[in-house]
Amino acid sequence: MKNREIARLFHATADILEILDANRFRINAYRRAARVVEDLTVDIAELAASGELTELPGIGQGTADAIVDYLETGEMFGYESVRKEIPPKLAELLEIPGLGPKTVGMLWRELNVRTLRQLKRALRSRKILELPGMGPKKVLKIQGGVRAYESRSGRTLLGAALPVADRIIELLRGVKGVKDVSLAGSARRWRSTIGDLDILVTGSDPKAVIEAFVGMDGVVDVLASGTTKASVRMDDALQIDLRVIAAAEWGAALMYFTGSKEHNVRLRGIARKKGLKLSEYGLFSGDDRVAAKTEKAVYRKLGMPWIAPELREDRGEVEAALDRSLPTLVTSEDIRGDLHHHTSWSDGFASIEEVARAAKRRGYEYIIISDHSQSLSIANGLSEERLLEQGEEIDRINKKLRGFRILKGTEADIKSDGSVDYPDEILSGLDVVIASIHSGFEQSQEQITGRIISAMENPNVDIIGHPTGRLIERREPYAVDLDAVMRAAAETGTALEINCHDERVDLNDIHARRAVEMGVMISLGTDSHDPSQGWMMDIGVHTARRAWLAPQSILNTLDRRALLKHLSRSGPAR
Ligand SMILES: [Zn+2]
Ligand SMILES: [Zn+2]
């Protein structure tokens with residue numbers, strides 16, 4: 001049957017007409033025809049053969065001719081002709097979640113956006129905000145869609161999955177009889193990318209839980225639906241697996257489905273040595289269940305304290321637990337400020353005051369405004385003059401804020417020769433200087449490493465931003481000898497950043513752990529371009545936990561005075 005193919009061509013024709021800002025009636029005629037053909041239960045070729053096409057509601061003479069045309073020639077004339085009226089790659093942009101034909105058409109006409117590359121550039125420009133209906137929220141949404149589109153074959157970024165998970169957990173908590181709801185799997189361990197989302201529930205009415213789950217907003221496909229488990233696919237392609245667990249087995253199931261596999265294998269080995277058997281249903285001695293209800297109880301019977309999910313990777317946590325030497329991990333409550341934030345002075349969307357007030361609402365004591373420096377003109381980097389002006393503006397706003405302080409900073413470019421993008425007299429007037437690489441990614445390992453090290457040798461540089469430059473699933477790290485960078489960071493007292501932004505997570509958990517072992521302080525910065533991204537601090541905190549970090553290893557746990565004191569004595573030459 002050609003029904004699906006014909007419906008697809010009608011939809012595609014309508015999309016292109018909408019991009020072209022064509023007559024509403026014409027667009028609607030194609031959309032209606034597409035839906036009618038989609039819903040047909042008989043082969044459309046039969047209707048065409050018997051001349052009954054125009055008897056279908058919603059199929060007029062024009063669309064009937066198009067169907068016949070396609071069945072006879074394998075091409076649809078109407079589609080082929082409108083397709084030539086737009087640039088060849090433009091229609092592909094419609095596959096980006098959150099980007100519709102109207103917007104694609106407007107971006108093409110107003111900003112000459114014809115390709116994905118040009119779209120990404122336009123999304124970073126100021127001009128886009130002047131177009132009707134294009135506020136910061138919309139721009140951020142499309143940027144998120146572009147990211148989802150670019151990594152759609154691979155794993156999902158944690159930052160994209162967590163808001164979905166939160167919404168579902170909230171919904172399930174409201175179902176009658178539900179007692180516990182928890183995320184499991186790699187999302188509960190805060191891995192920076194996930195395959196699918198696992199959610200566990202206990203409740204007295206599993207049927208109601210399953211019904212609420214498969215019926216929730218955003219579900220496009222129910223992959224499985226049984227009495228205690230279900231799987232769905234969401235409109236952003238994310239797969240979510242739900243299991244309803246008996247309350248008596250909650251702890252054992254949570255451990256089993258949280259993983260990692262490697263951690264669970266270790267635990268099962270320890271159980272065996274004690275003559276016990278560990279499964280998703282509990283810890284058993286013969287047929288007797290000795291523990292299952294809580295994770296704590298199961299770990300205790302295995303001879304160890306509860307292990308935080310972030311550590312469950314078989315990277316020494318089992319030994320440390322048996323030894324009673326698990327680290328005291330940093331928590332979100334320990335964090336007193338965000339150490340990397342942009343504003344509308346460079347390529348961010350919000351004013352300094354909006355950023356500061358949002359940070360204060362999060363319970364922070366301070367925030368660092370770190371806009372881009374002059375040579376990053378694509379991001380509207382600040383000239384020396386504008387940086388000084390920004391400082392005056394910060395002074396003005398600080399006078400208005402009680403119990404909160406905006407610190408003056410910059411994210412200065414490390415230029416190709418390793419110099420930092422402002423002269424020392426400017427840098428030394430700031431509270432905090434982040435130095436980052438934003439260009440020359442293709443340089444050799446020797447060059448890149450040398451650049452970062454010479455930036456660290458500048459006593460005004462406090463933090464190296466996103467030290468490897470990777471973009472998860474999209475851009476490999478530049479060639480950098482991290483061990484050499486960490487050694488130099490320890491020697492110069494320069495902190496290395498865990499950039500908390502979900503598409504970076506840079507340093508990653510393994511690198512951050514190694515850096516701290518080498519005596520380096522870690523700085524957590526969200527690299528937010530809008531206050532709505534400030535929650536990504538959670539990603540940074542949990543990445544730090546995955547790196548086994550205690551509060552003392554993290555700059556942001558210092559109060560403002562201690563932070564400034566630390567920074568001013570951290571360089572060798574001060
Ligand atoms: Zn940066
Ligand atoms: Zn930044």
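Which residues of α22 are buried? The legends below take up this helix after an overview of the predicted model.

**Figure 1. Overview of the predicted model and its four assigned domains.** In this predicted model, local features need pLDDT of at least 70 and side-chain atom pairs count only at pLDDT 80 or more, whereas totals for chains, interfaces and linings use all residues. Residues are numbered from 1 along each chain as its sequence is written, chains are lettered from A and ligands numbered from 1 in the order in which they are written, and side-chain values use heavy atoms, with hydrogens and water left out. The protein holds 23 helices and 17 strands (DSSP runs, H or I of at least four residues for helices and E of at least two for strands, numbered from the N terminus), and its C-alpha trace spans about 90 × 75 × 50 Å along the principal axes. Of its 574 residues, 53% count as buried (under 20% relative accessible area, with exposed being over 50% and partly exposed in between, for a 1.4 Å probe and protein chains only). An automatic or database domain assignment gives domain 1 (3–150), domain 2 (156–245), domain 3 (249–322) and domain 4 (332–570).

**Figure 2. Helix α22 and its surroundings.** The buried residues of α22 are Met537, Ile539, Gly540, Val541, His542, Thr543, Ala544, Arg545 and Arg546. Because nine of the 10 residues of this helix (residues 537–546) are buried, α22 is largely enclosed by the rest of the structure. Its buried residues pack against α9 (158–173), β11, β16 (495–499), α21 (509–517) and β17 (522–525), where contact means heavy atoms within 4.5 Å. Just after the helix, Trp548 adopts a positive phi of about 70°.

**Figure 3. The site of the zinc ion (ligand 2).** His340 (NE2), His342 (NE2), Glu411 (OE) and Asp527 (OD) coordinate this ion at 2.1 to 2.2 Å; donors are N, O and S atoms within 2.8 Å of the metal (3.2 Å for Na, K and Ca), and water is not among the atoms, so sites may look incomplete. The arrangement is irregular because the four donor atoms subtend angles of 86 to 175°; four donors count as tetrahedral if all angles lie between 85 and 135 degrees, four count as square planar and six as octahedral if opposite donors are over 155 degrees apart and all others between 65 and 115, and anything else is irregular. Along the sequence, the donor residues are spaced H-x1-H-x68-E-x115-D. His342 lies in the loop between β11 (337–338) and α16 (352–361) and Glu411 in strand β13 (residues 405–413), so the pair ties together parts that are 69 residues apart in sequence. Both His342 and Glu411 are buried.

**Figure 4. The site of the zinc ion (ligand 1) and the bridging Glu411.** Glu411 (OE), His438 (NE2) and His466 (NE2) are the protein donors of this ion, at 2.1 to 2.2 Å, and they follow the spacing E-x26-H-x27-H. Glu411 coordinates both the zinc ion (ligand 1) and the zinc ion (ligand 2), which are 3.4 Å apart. Since Glu411 lies in strand β13 and His466 in the loop between β15 (463–464) and α20 (482–492), the pair ties together parts that are 55 residues apart in sequence. His466 is buried, as is Glu411.
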